[in-house]
Amino acid sequence: MIGYVTVGTNDLAAATSFYDSLFEGMEVKQLQPNERMRLWARKGSPMFGIAKPYDGEAATVGNGTMIALGVENPEQVKAVYARALELGGKDEGAPGPRGSGGFFGGYFRDLDGNKLVVFCRVS
């Protein structure tokens, strides 16, 4: 159902570098770059994007908005989460099990303050 999601950025170059590095090793490729937007995707999956707001105003963080990035296992969760922090992201909850149902996730904010979780399902 979801084709793509975007988060706003005030520094397209820095955000592009952050996500290019974050997505290394996840079989994710950058698609359709232009002067105000970048998109990334895995084959057959919805796209994730960053964009300078179309209205020319500053990008702001959506209160209650969070993007979930799925990976295969807890080791990948830990690696992507650690990479996000190395790249200047901010901790929002270290990797670990959350609730019931086998959800394992690590939460962080990107350089613009957008909240993301990298997660997997475990049995």
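Strands are DSSP runs of at least two residues marked E, numbered from the N terminus, and the exercises below use these numbers for a model that is predicted.

**Exercise 1. Locate Arg-42 among the strands, and find which residues its side chain meets.**

Solution. Begin with the position along the chain: Arg-42 belongs to the loop that joins strand 3 (37–41) to strand 4 (47–51). Next consider its surface, where a relative accessible area of 26% makes Arg-42 partly exposed, because this value falls between the limits of 20% and 50%. Then list the neighbours, leaving aside residues up to four places away in sequence: Arg-42 touches Met-26, Glu-27, Val-28, Gly-70 and Val-71. For one of these, Gly-70, there is also a polar contact, since the side chain of Arg-42 reaches the backbone oxygen of Gly-70 at 2.8 Å.

**Exercise 2. How many salt bridges does the model hold, and where do their partners lie?**

Solution. Start from the general idea that side chains of opposite charge can pair when their charged atoms come close. With a cut-off of 4 Å between the nitrogen and the carboxyl oxygen, the count comes to two salt bridges.

Take the pair Arg-83 and Glu-86, whose side chains meet at 3.3 Å, N to O. Both residues sit in helix 2 (residues 74–86), and because they are three residues apart, about one helical turn separates them. Arg-83 is partly exposed at 27% relative accessibility, whereas Glu-86, at 61%, is exposed.

Now take the pair Glu-92 and Arg-109, which form a salt bridge at 3.1 Å, N to O. Glu-92 is in strand 6 (residues 90–98) and Arg-109 is in strand 7 (residues 103–109), so this pair ties together parts that are 17 residues apart in sequence. Glu-92 is partly exposed at 35% relative accessibility, and Arg-109 is partly exposed at 24%.

**Exercise 3. Decide whether Asp-110 is buried or exposed, and describe what surrounds its side chain.**

Solution. First place the residue: Asp-110 lies in the loop between strand 7 and strand 8 (115–121). Asp-110 is buried and yet has no salt bridge, for the nearest side chain of opposite charge, that of Arg-109, is 7.4 Å away. Then look for polar partners in the backbone, where the side chain of Asp-110 reaches the nitrogen of Asp-112 at 2.9 Å, and where the nitrogen of Asn-114 lies 2.9 Å from a polar atom of that side chain. Finally, leaving aside residues up to four places away in sequence, Asp-110 touches Val-7, Phe-18, Tyr-19 and Leu-116.

Definitions and conventions:
Residues are numbered from 1 along each chain as its sequence is written. This is a predicted model: local features need pLDDT of at least 70, side-chain atom pairs count only at pLDDT 80 or more; totals for chains, interfaces and linings use all residues. Side-chain values use heavy atoms; hydrogens and water are left out. Helices (H or I, at least four residues) and strands (E, at least two) are DSSP runs, numbered from the N terminus. Buried means under 20% relative accessible area, exposed over 50%, partly exposed in between (1.4 Å probe, protein chains only). Lys and Arg count as positive and Asp and Glu as negative; His and the chain ends are not counted. A polar contact is a pair of N or O atoms within 3.5 Å; within protein, one must be able to donate a hydrogen and the other to accept it, and residues adjacent in sequence count only if both atoms are side-chain atoms. Contact means heavy atoms within 4.5 Å.
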